Amino acid sequence: MNFADLLGNDPGWLTTVKAFLVFALCVLLTLLAIWSERRIVARMQMRLGPNRVGPFGLVQGLADGVKLALKEDLIPKAADKIVFIIAPIISVSTCFLSFAVIPMTGKVSLFGHKTAMQLTDMPVGVLFILAAASVGVYGIVLAGWSSGSTYPLLGGLRSSAQVISYEVAMGLSLVAVFIRSGSMSTSEIVAQQHSLWYAVALFPSFVIYLISMVGETNRAPFDLAEAEGELVGGFHTEYSSLKFALFFLAEYVNIIGVSALATTLFLGGYHALPGLTFTENWLGGWFTMIWFMAKVIAFFFIFVWLRGTLPRLRYDQFMKFGWKVLIPASLFWIMVASSFRLMSQRGASKSVVIAAAIGVVIILLAAITLFDRSKEKSEEREALGDVAPPSFPVPQIPSQRAEQLHG
Amino acid sequence: MLSLALHSGTTATPEAVQFWFLAPLAVLAALGMLLVKKAVHSALLLAWVMVSLAFFYIAQDALFLGIVQIVVYTGAVMMLFLFILMLVGVDSSDSLVETIKGQRGAAIAAALGVGGLLTSLIARAVQGVPAVGLKDANNGGNVQGLASELFTKYVWAFEVVSALLITAALGAMVLAHSQKIKSKTAQRDLSIARFRKDSLGASAGLPAPGVFARHNAVDVPALLPDGSPAPSSISATLKARGDMLDSKIFELEAKEEEEN
């Protein structure tokens, strides 16, 4: 019995209960995420971080939320009022959607029903997540536009351009997963990974997805939309009180969402680590949820780690990287992956496929080395190019002096 | 359940509820799109029409089509529209004067022509062709069915459309492209150029505005060591706006100090 049938047998009330559980889980995870991010970044910067409210400062997020909600709600005079109010609602309502198709556990029993912790299983589940994300961009764009001032407009444009371009790279990185698993349904992809995680089998896809998921969620080092030095707060500069809190919530739910998708597509979803498969039956199957959460939290830690480590990219470098490196690389990888898939479908043995893969890697490495060398040479030529000497004395360039001494 | 009901020609209750809830909204939004004043509002309403269409597709068991409708039309095409509207300036209202003579008449004729063509095509396609039914169409899976149709029967049309789209994209790039006559001056080039000048005066940057200890403001020119004001210390924007104090006052002051 596959997941679609399993979930299809759920009575309506059970789906409602599950929807509520997923929603509560997302909000709770957001509160914990904010706290843990602040604590971890603080540790990385040799500080303590929030430690006053509750044990270890755990309820700091809740306190901040209450504070935000009680603040005065301002709507600027120049703002387009309706769109200004709709924007955060779009942002926050779309970010929860992706959790509907993410399988968080294997088969479990909930209130006496055999089911799984997944709201619905669609044959195009992963595309559904992409669709929800692409509607979510509207929240950002409209917030930027409707604020009626310059910084938000620029921030909104920037961030939507960024999200759209990285969504292309993200979508392309998923294609190899679809080709290998032969399905676009999340539960089917997880089931296919019981022997080998796609993070290993489709390593290039995994790397591209990891990079583009950071770009897609507007997080450091790609948080150009709210580059404080240039754009104040970016698209949410004019927002305050609950509307700002909604954007904040959406950002964190999105981070958890892309982490959950990464877990589902590349790290075997709710499956246990290889060699620990026996744990999947513990607690009547609910132990798989712990595996799932552990993987999601690991991804979240990577997000925080990046934020604590890397400085922000310049906008043009960032866009260049997305369009000129990530997208061509994914296209090339899709071609390679589909040829391998075809080879194994036509009956080529595993060793032949692996040999071909090694061949591709060697050719790529050779090409990269040659390209680097020619680039170095042309740069040298540029550096020594015929420039007129300035009219005042300057020290000689060391390499030229060496040439004079030897020649 | 839903597909069964569709197969037998009746509409299941959830679908009917969804239809009667969404359809009026979609029609209202479509009308509003034509009638609202601001271009961005119009674009938003169009986006809503597209999303509700996607809901209808999904309710009709065309899952893939519905989701792709959202990804492609709402997520990409409408977003580009919004982008351009925002960049061009939203508050500029359209002029209602015809720039091309007889444009309105030609547009109406063309619209009627396309409408007639579409109607006749759809009528010809539907009439005399027995409906296969959703079950048979989705036999090997919705996505797989679509894929096999697209890449076998309609592969030529598919490729032609993709060639057309690529040509359009290339055309847009060619139109927007301007050939650079000289290379872009980057920060490094500017720095080199400063040092290449005969006098090294400007190489350390322009003097900061404000008179030391008295007028530490951006709109007051700095005083040079000899007491004369340096207008180059004031931002060009302030100069253009005329938000700049007359430097003569400071000159006089400097001379007075000298006399004392």
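The exercises below work through the two chains of a predicted model, each with a solution in steps.

In this predicted model, local features need pLDDT of at least 70 and side-chain atom pairs count only at pLDDT 80 or more, while totals for chains, interfaces and linings use all residues. Residues are numbered from 1 along each chain as its sequence is written, chains are lettered from A in the order in which they are written, and side-chain values use heavy atoms, with hydrogens and water left out.

**Exercise 1. Describe the secondary structure, burial and contacts of chain A and chain B.**

Step 1. Helices (H or I, at least four residues) and strands (E, at least two) are taken as DSSP runs numbered from the N terminus. On this basis chain A has 15 helices and two strands, and chain B has 11 helices and two strands, which follow one another along the sequence as α-α-α-α-α-α-α-α-α-β-β-α-α.

Step 2. A residue is buried under 20% relative accessible area, exposed over 50%, and partly exposed in between (1.4 Å probe, protein chains only). Of the 407 residues of chain A, 47% are buried, whereas in chain B the buried share is 20% of 260 residues.

Step 3. With contact defined as heavy atoms within 4.5 Å, consider pairs at least 6 apart in sequence: in chain A, 77% of these contacts join residues at least 24 apart, and in chain B the share for residues 24 or more positions apart is 46%.

Step 4. Accessible areas come from the Shrake-Rupley method with a 1.4 Å probe, and for residues only the protein chains shown count as cover. Chain A exposes about 20,500 Å², with 68% supplied by carbon and sulfur atoms; for chain B the surface is about 19,300 Å², and carbon and sulfur atoms hold 68% of it.

**Exercise 2. Place Val53(A) within its nonpolar surface patch and classify its exposure.**

Step 1. Val53(A) belongs to the loop between helix H2 (12-44) and helix H3 (60-70) of chain A.

Step 2. Val53(A) counts as partly exposed because its relative accessibility is 31%.

Step 3. Patch members have over 30% relative accessible area and no salt bridge (a side-chain nitrogen of Lys or Arg within 4 Å of a carboxyl oxygen of Asp or Glu), and nonpolar side chains (Val, Leu, Ile, Met, Phe, Trp, Tyr) are joined within 5 Å. The patch covers about 600 Å², and its members include Val53(A), Phe56(A) and Leu62(A).

**Exercise 3. Find the surroundings of His271(A) and Gly234(A).**

Step 1. His271(A) sits in the loop between helix H11 (241-266) and helix H12 (287-309), and counts as buried because its relative accessibility is 11%. Beyond residues up to four places away in sequence, its contacts include His194(A), Glu280(A) and Trp291(A).

Step 2. Gly234(A) lies in the loop between helix H10 (228-231) and H11, where its relative accessible area of 0% makes it buried. Leaving aside neighbours within four places, Gly234(A) contacts residues including Tyr151(A), Pro152(A) and Gly155(A); its C-alpha is 7.2 Å from that of Leu154(A), although 80 residues separate the two in sequence.

**Exercise 4. Compare the backbone angle phi of Asn218(A) and Ser241(A) with the general trend.**

Step 1. Most residues other than glycine have a negative phi.

Step 2. Asn218(A) has a positive phi near 60 degrees; this residue is in the loop between helix H9 (203-216) and H10 and is buried at 5% relative accessible area.

Step 3. Ser241(A) also has a positive phi, near 55 degrees, but its place is in helix H11, and at 4% relative accessibility Ser241(A) is buried.

Technical notes. Patch = residues over 30% accessible without salt bridge, like charges linked within 9 Å, V, L, I, M, F, W, Y side chains within 5 Å.
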